[in-house]
Number of protein chains: 2
Amino acid sequence: MLRWAISDIRSVSAGHATIREGEELSHAIVLLQGFMCRHKDLSEGRRQITEIHIPGDFVDLHGFTLKKLSDSVTTLTSCRIGIVPHERLLRITETHPHLTRLLWFTTNLDAAIHREWVLSLGRRPAIERLAHLFCELHFRLTLVGHAPPETPFPLPLTQADLADCLGLTSVHVNRVLQELRDSGAVEFRKREVTIRDLGALRALAEFDPAYLHPERRPR
Amino acid sequence: MLRWAISDIRSVSAGHATIREGEELSHAIVLLQGFMCRHKDLSEGRRQITEIHIPGDFVDLHGFTLKKLSDSVTTLTSCRIGIVPHERLLRITETHPHLTRLLWFTTNLDAAIHREWVLSLGRRPAIERLAHLFCELHFRLTLVGHAPPETPFPLPLTQADLADCLGLTSVHVNRVLQELRDSGAVEFRKREVTIRDLGALRALAEFDPAYLHPERRPR
DNA sequence: CGTGCCCTTGAGTACAATCAACGTTCGTGG
DNA sequence: CCACGAACGTTGATTGTACTCAAGGGCACG
C-alpha cells in the first residue's frame with residue numbers, strides 16, 4: 001500500500017541539500033538507503049541538526065500538511081529515496097483512514113524524538129547528551145534491522161555533525177568522546193559506534209526507549 | 001464540528017498535573033482558558049519544559065496516535081479544558097478527511113515549535129533564547145487574540161519556569177531578564193511581558209514567524 | 001605526494017552554574 | 001489588622017563546563 005504511494009525512486013549523492021528551508025513542497029520523501037539529517041541554520045554559520053534520519057524514515061512527511069518547511073534536509077551519505085506525491089497522500093487520507101493514522105503516527109514519533117532532544121539540550125551535560133544520542137540511534141537502527149546486536153554499527157557523522165546535533169563544538173565533542181571511550185561504555189571511531197557496555201551507556205544517558213514507541217510500530 | 005467532538009468541559013486548578021508520563025490515554029484535551037505546559041523530568045529534579053500551551057491548543061493530540069505520552073502536562077494557571085474522547089477522533093478520521101488533515105496539521109505545528117526550541121537550546125545564547133521565547137509567545141497569543149498589540153500581555157510563568165523552558169537556572173534567567181530590560185527591548189515583571197521595541201527584540205532573537213505557519217491556520 | 005578534510009591537543013577565556021544569603025510580595029490565620 | 005510563612009525574585013562570590021583560538025597530525029583521494 002505504501003509501496004504504491006511511491007511514484008519514483010532516486011539516488012542522491014552525499015552532502016546534497018535535498019530540501020531547502022521555505023521551499024514549496026509537492027511530494028514527500030522516504031529514505032530507503034543511507035543517512036540524512038534535518039537542520040536549521042542561524043547567522044554566522046551556527047547550525048543545529050534537529051533529527052537524524054535512517055532508512056525507513058519519512059524525512060518530510062510533516063510537509064504534507066505544512067507545505068513549507070522551516071528546516072532543511074541534507075544527505076549525510078549517498079542515499080536512495082522514494083518520492084511520494086502529496087496528491088497520493090491526499091488520496092490516502094480520503095480513502096484509507098487506518099493508513100492515514102499510521103502516517104500521522106510517524107510524524108508524532110518525530111515530535112517525540114524532538115522533545116527528547118529538547119530535554120537533552122536543555123538539561124543533560126555533554127557526556128550524557130552524546131550517550132543518549134548513541135542510545136537513540138542504536139535503538140532505532142535495531143528496530144529496522146540496521147544495527148546487528150553486539151557489533152559495531154555505522155553512523156556516518158563527523159564529530160562536527162555530532163556537535164551540531166548536540167549544541168556543542170567539535171573540539172568539545174572530541175574530548176567527551178575520549179571520556180566515553182575511557183569509561184568503557186562506548187566508542188566512536190571512523191563513523192562507527194561500538195557499544196562496549198549497553199547497560200552502562202543507557203544508565204549514563206538515563207535512556208528509556210518508551211518515547212520511541214516500539215510497540216506501536218507497523219511492519 | 002470540533003465543538004461536537006468535545007464531550008465535556010472541566011475546570012482544573014493551577015499547578016495540577018493533568019497528564020502524567022506513561023499514562024494510557026483515552027481522550028485528548030483542548031485548552032480553552034488558561035496556560036499549561038508540557039515537560040519531561042530527569043533525576044535530581046532536572047526538568048525541561050518542552051512546550052507552553054495557550055488557549056486554543058490541543059495539549060495532547062499526539063496521544064491519539066501514540067496512546068502513551070513520554071512527557072507530562074501540567075497547568076500553570078487555573079484552566080478550563082475540553083475533553084475530546086479518542087473514540088470521537090477515530091470517527092472523525094473515518095468520515096472527515098479534511099478535518100483529519102487539520103488535526104494532523106496542528107500536531108505538525110507542535111513539532112515545528114519543538115524544532116525551533118531545539119535550535120534555541122543548541123545554538124542561541126541565553127539572551128537570545130529568552131528574546132525568542134517572548135517573540136514566539138507574543139506571536140502565538142496574537143494569533144488567538146490574547147495579546148493586544150502594543151500593550152503588556154500576561155505570561156504566567158515564574159523565572160524558574162522560564163529557566164525550565166530555556167535550559168538555564170532561575171538565577172541566570174533573572175540576570176538576563178535585567179539585561180533585556182536595560183537594552184530597552186522587552187520587560188518581564190509580575191508575569192507580564194511588555195514589549196518595548198518589537199523590531200529590536202525580533203532582530204536580537206533572529207525571530208522569523210514562518211515556522212508557526214500563520215497562513216495555514218484554520219478559523 | 002600533495003591537498004583537503006577530519007581529528008587531536010594545548011592554552012586561555014567566558015558564559016552560565018552553584019552556593020549562599022537576603023529582599024519582596026502575598027496570602028492566611030491568629 | 002498585624003504576624004508569619006511560603007514562594008518568588010535579587011544579588012554577590014566562586015566554580016566549572018564548554019568555547020575560542022591556534023597549531024599540528026593522520027588519512028584518503030586525486
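Helices are DSSP runs of H or I with at least four residues, strands are runs of E with at least two, and both are numbered from the N terminus. A residue is near a DNA strand if one of its heavy atoms lies within 4 Å of it. With those terms in place, α7(A) gives the largest share of the surface near DNA strand C, at four residues.

Some bookkeeping before I go on. This is a predicted model, in which local features need pLDDT of at least 70 and side-chain atom pairs count only at pLDDT 80 or more, while totals for chains, interfaces and linings use all residues. Residues are numbered from 1 along each chain as its sequence is written, chains are lettered from A and ligands numbered from 1 in the order in which they are written, and side-chain values use heavy atoms, with hydrogens and water left out.

I will start with DNA strand C. There are 16 residues around this strand, and the nearest are A:Gln159, A:Asn174, A:Arg175, A:Gln178 and B:Ala126. Of the atoms of DNA strand C that come within 4 Å of the protein, 68% belong to sugar and phosphate. Both chains take part: α7 (170-183) of chain A and α7 (170-183) of chain B each supply at least two residues of this surface.

Which side chains of chain A have a polar atom beside a phosphate oxygen of DNA strand C? A polar contact here is a pair of N or O atoms within 3.5 Å; within protein, one must be able to donate a hydrogen and the other to accept it, and residues adjacent in sequence count only if both atoms are side-chain atoms. Among them are A:Asn174, with a polar side-chain atom 2.3 Å from a phosphate oxygen, A:Gln159 at 2.6 Å and A:Gln178 at 2.7 Å.

For the residue classes, Ala, Val, Leu, Ile, Met, Phe, Trp, Tyr, Cys and Pro count as nonpolar, Asp, Glu, Lys and Arg as charged, and the others, Gly among them, as polar. The surface near DNA strand C then has five nonpolar, seven polar and four charged residues.

Now DNA strand D. Here the nearest of the 16 surrounding residues are A:Ala126, B:Gln159, B:Asn174, B:Arg175 and B:Gln178. Sugar and phosphate make up 65% of the atoms of DNA strand D that come within 4 Å of the protein. On the chain B side, an N or O atom in the side chain of B:Asn174 is 2.4 Å from a phosphate oxygen of DNA strand D. Chain A contributes a polar side-chain atom of A:Thr169, 3.2 Å from a phosphate oxygen, and a backbone N or O atom of A:Gly167, 3.5 Å from a phosphate oxygen. The elements that give two or more residues to this surface are α7 of chain A and α7 of chain B. The most comes from α7(B), with four residues. By class, the surface near DNA strand D divides into five nonpolar, seven polar and four charged residues.

Next, the protein interface. How many residues does each chain put into the contact? Chain A gives 51 and chain B gives 51, where contact means heavy atoms within 4.5 Å. The two chains bury about 4,800 Å² between them, 60% of it on carbon and sulfur atoms; buried area is the accessible area (1.4 Å probe) that two parts lose on being put together, summed over both. Within the area that chain B buries against chain A, B:Trp104, B:Arg115 and B:Arg123 supply 19%, more than any other three residues.

The rule finds 12 salt bridges across this interface, a salt bridge being a side-chain nitrogen of Lys or Arg within 4 Å of a carboxyl oxygen of Asp or Glu. One of these joins A:Arg123 to B:Asp164, with the closest N and O atoms 2.9 Å apart. There are also 34 residue pairs in polar contact across the interface, both residues at pLDDT 80 or more. On the chain B side, α4(B) provides the largest share, 19 residues. That side has 20 nonpolar, 14 polar and 17 charged residues.

Last, a hairpin. In chain A, strands β9 (residues 186-189) and β10 (residues 192-195) pair in the antiparallel sense over four bridges; two strands pair if DSSP finds at least two bridges between them. A:Arg189 stands opposite A:Glu192 in β10(A). Two residues lie between the strands of this hairpin, and A:Lys190 in the turn has a positive phi of about 50°.
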